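Subject: Structure handover and notes

Hi,

Here is the structure I promised to pass on to you. Please open it alongside this message, and you can follow the notes as you read.

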Amino acid sequence: MDGTEALAERFEVHREHLRTVAYRMLGSLDDADDAVQAAWLRVDRAGIDGVENLGGWLTTVTARVCLDMLRLRRTRGEEPLTAAPEAVLERPGGPEPEHEAVLAESVGLAILVVLDRLTPAERVAFVLHDMFAVPFAEIAPVVGRTPVASKKLASRARERVRGRAALDEVDLARHYTVVDAFLAASRGGDLDTLVELLAPDVVRRVDRFAVPTGVAGEVRGARSVAEETRMFAHRARLGAVALVDGRPGIVIAPGGRLFAVLRLSFAAGRITDIEVIAEPARLAAMRLGAGRTGH
């Protein structure tokens, strides 16, 4: 076995971990695989002489590749996701859609959505430190900052990922409970539970970017809204509870890419208003946060 083969074997031991790191930084399985391959090419050229902690060193090499990719992505601009979310996950030749959906769920769809709004350096610093416990002394050379500045990057990112609630803790918890139940009932097509969670005079409004042609822009009444919600159960399965402008709502994010937001209003423990927003300019202006540390 020559040196390259031996190095390749050692690299393969760490490949799945590196893929996981790259996915959390990039939010795309295709891009994560590209990043790991680019990391391997760098390692193959440089060798590992003098490397004591191979896993840690490979993580930082992969992180540098991801940072370059994030910066390039921001420079050229990303096209908003305008296709229906189910079409994105079911596209021909797509990158293991089921595996990608599982990966996204393991991270938290809401977290992936908010990570996409961070600067490249903030995202890398946050992912390395908060998700993989990499010390700031090792993060600093990756992002080109001092350890203190790297810590500040991660701190700013953490605040944005969590979001800031516009409610006190009691009301926030109550609304989360309602939204959790609403999303679960939407995914399962549970009509009776949906009707119970909706106010009798609930109004559902939607912009033209969110639904197929022919779907009404406005629907009124608990039964009508519940029946329509059940029709879109497949989209609810691509959703997650998040903070939307400081209040619990829902993001629809296939593979972690934001497609639409459900902004909700409440009264007496029920949902009184559902606004479905998918217009790119409006989505970009929203304050989104993952809220709770879970999904």
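Below is what I found, starting with the whole chain and then going into the sheet and a pair of helices.

Please keep in mind that this is a predicted model. The protein chain holds 14 helices and seven strands. It has 295 residues, of which 48% count as buried. Among contacts with a separation of 6 or more, 66% are between residues 24 or more positions apart.

**The sheet**

The seven strands form an open sheet with mixed pairing, in the order S2-S1-S6-S5-S4-S3-S7. Its edges are strand S2 (218-220) and strand S7 (288-289), each of which pairs on one side only. Two helices are worth displaying with it. Helix H10 (residues 169-188) packs on the sheet and touches S1, S3, S4, S5 and S6. The direction of H10 makes about 155 degrees with that of S3. Helix H12 (residues 222-231) lies across S1, S2 and S6, and runs at about 50 degrees to S1.

Strand S3 is a good place to zoom in. It covers residues 239-244 and runs antiparallel to strand S4 (residues 247-252), with six bridges joining the two. Within this pairing, Val241 has Ile250 as its bridge partner, and Ala240 stands opposite Val251. Two residues lie between the strands in this hairpin, and Asp245 takes a positive phi near 50 degrees there. S3 also pairs with S7, again in the antiparallel sense, over two bridges. In that pairing, Val244 stands opposite Leu288.

How many of the six residues of S3 are buried? Six of the six are, and the strand is mostly covered. Gly239, Val241 and Leu243 point one way from the strand, while Ala240, Ala242 and Val244 point the other way. Both sets are buried.

**Helices H2 and H3**

The other region I looked at is where helix H2 (residues 29-46) meets H3. Their axes come within 9 Å and cross at roughly 125 degrees, which makes H2 oblique to H3. The crossing is right-handed. On the H2 side, the residues taking part are Asp31, Asp34, Ala35, Ala38, Ala39, Arg42 and Val43. H3 brings Trp57, Leu58, Val61, Thr62, Arg64, Val65, Cys66, Asp68, Met69 and Arg73 to the contact. By type, the residues of this contact divide into ten nonpolar, one polar and six charged.

**Arg64**

One of the H3 residues in that contact, Arg64, deserves its own view. The helix it sits in, H3, spans residues 54-76. Is Arg64 buried, exposed or partly exposed? Its relative accessible area is 31%, so Arg64 is partly exposed, falling between the 20% limit for buried and the 50% limit for exposed. Leaving aside residues up to four places away in sequence, Arg64 touches Arg42, Pro141 and Val142. Arg42 belongs to H2. The C-alpha atoms of Arg64 and Val124 are separated by 8.7 Å, with their positions 60 residues apart along the chain.

If you would like a short route through the model, begin with S3 and its partners S4 and S7, then turn to the contact of H2 with H3.

Best wishes

Conventions: Residues numbered from 1 in each chain as written. Predicted model: local features only at pLDDT ≥ 70, side-chain atom pairs only at ≥ 80, totals over all residues. Heavy atoms only, no water. Helix = DSSP H or I, 4+ residues; strand = E, 2+ residues; numbered from the N terminus. Buried < 20%, exposed > 50% of the residue type's maximum accessible area, 1.4 Å probe, protein only. Contact = heavy atoms within 4.5 Å. Axes fitted to C-alpha atoms, helices over the stretch in contact; angles between N-to-C directions. Parallel < 35°, antiparallel > 145°, perpendicular 65-115°, else oblique. Left-handed = near helix turned anticlockwise from the far one by under 90°. Nonpolar A, V, L, I, M, F, W, Y, C, P; charged D, E, K, R; others polar. Pairing = 2+ DSSP bridges.
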